[in-house]
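Please open the model in your viewer and keep the sequence beside it, so that each selection can be made by residue number.

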Amino acid sequence: MASMLVVGVVSRIASLADAVCTRVCSSTQLQPSSFAIREIEKSELSSTKVDILLIDPDILSEVVRAIPARCNWVQSTWAGVELVTTELAKVQYTPSWMLTRYAGPFGPLMSQYMLAQILSRERFVVRYAHAQMNNLWKSGSPESHTYRALSDLTLCILGVGEIGREVAKTFLSFGASVHGVVRRIPEKRDAVSGVLYYTNDDMAEAMHRSDYIINLMPSTELTRSCINVKLLQKAHVPEATFINAGRGDITAHDEDWCSYIDSGLLKQQICSLFTRILNINTISKHGFSIRVKQHAILDVFHTEPLPATSMLWQHPGITITPHVAATSFAPGVADAFVNNLERYVIDPKSVKPKVSFKDMY
């Protein structure tokens, strides 16, 4: 190992280089004098001598061929690296450097996002906010205020990697049932206890009868456009709310969500007993707890920012958040990077999670 390692930081994350310096200085396994942390511009990258690079993946995708020859390891500041892998495939270039994704701190943040969204729906937060604006106290029938506990729910998580594992553990701790869809069924020692695992080939079966389907899969050739009419018809999930916080391209187009909801593929059915007694307007007027509203909660999209002209904005069955489910903040990125740096100085090949340039993930 060289006596002095130069770490280049190319990022739009405010104060990231300072956070890395602080974290290196506080490490009990690293000698701060052995590292030079330098904040550099994208335009300076090809002429800068760096051994390690901490970089935003959208920037990296623009400079994959400009990484200095002496650089051995590149760490992404985001969990998703599809912009990089797509560019590598496009230019047919296999780097000599290792690429690792940012993973660790996203798990708790994503779990909190999922809890917020699911509890908001189950506890009628939006409805009560509207009631307060109209000075209404517990309007509607008693049944309309009957909610489900988390322990009553079945969740299907598409993609049980580092982030998905944390989400699964969170909901299992509240007594929920969790199905997990993965490429390969993990060994018992690597599995999350309590998760019922399915492979991608059995995705429809895993989704069936789920109350919430949570997508956390990355963008790969296997996952692009995987949520389609054929799958939803096979899965038969009219009672499920879909939450997409993975990647927007799991559908062929952003607007596909509107057609899935409008056609009833993600629509909760009305109990036949009530449909014989009451019509839809009566049910709505009296506020019965039967959930007749179809819904999808979307945090990621094909096009970001989502264009103001998109039909998703005004669709009553869609909740939009602007790609904020789990955000990269300087302290978290610095912690994850320095944890990896501590591994690197012992064995450069031990950094994780590494991106496979063969699998492009």
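**A stop-by-stop tour**

Begin by selecting Ile52, whose bridge partner in S4 is Trp73. This is a predicted model, in which local features need pLDDT of at least 70 and side-chain atom pairs count only at pLDDT 80 or more, while totals for chains, interfaces and linings use all residues. Residues are numbered from 1 along each chain as its sequence is written, and side-chain values use heavy atoms, with hydrogens and water left out.

Next, colour strand S3 (residues 52–55) and strand S4 (residues 73–76), which run parallel and are joined by four bridges; helices (H or I, at least four residues) and strands (E, at least two) are DSSP runs, numbered from the N terminus. Widen the selection to the open sheet of five strands, ordered S2-S1-S3-S4-S5 with parallel pairing, where two strands pair if DSSP finds at least two bridges between them. At its edges lie strand S2 (35–39) and strand S5 (98–100), each pairing on one side only.

Now add helix H12 (residues 330–346), which lies across strand S1 (5–10), S2, S3, S4 and S5 and runs at about 155° to S4. Axes here are lines fitted to C-alpha atoms, for helices over the stretch in contact (heavy atoms within 4.5 Å), and angles run from 0 to 180 degrees between N-to-C directions.

Finally, select H6, which gives four residues, the largest share, to the lining of the largest pocket. By class, that lining has 21 nonpolar, 16 polar and 13 charged residues. A pocket is an open set of points on a 1 Å grid over the protein atoms alone, where a 1.4 Å probe fits, with protein on both sides within 12 Å along at least five of seven lines, and lining residues have an atom within 4 Å of a point. Ala, Val, Leu, Ile, Met, Phe, Trp, Tyr, Cys and Pro count as nonpolar, Asp, Glu, Lys and Arg as charged, and the others, Gly among them, as polar.
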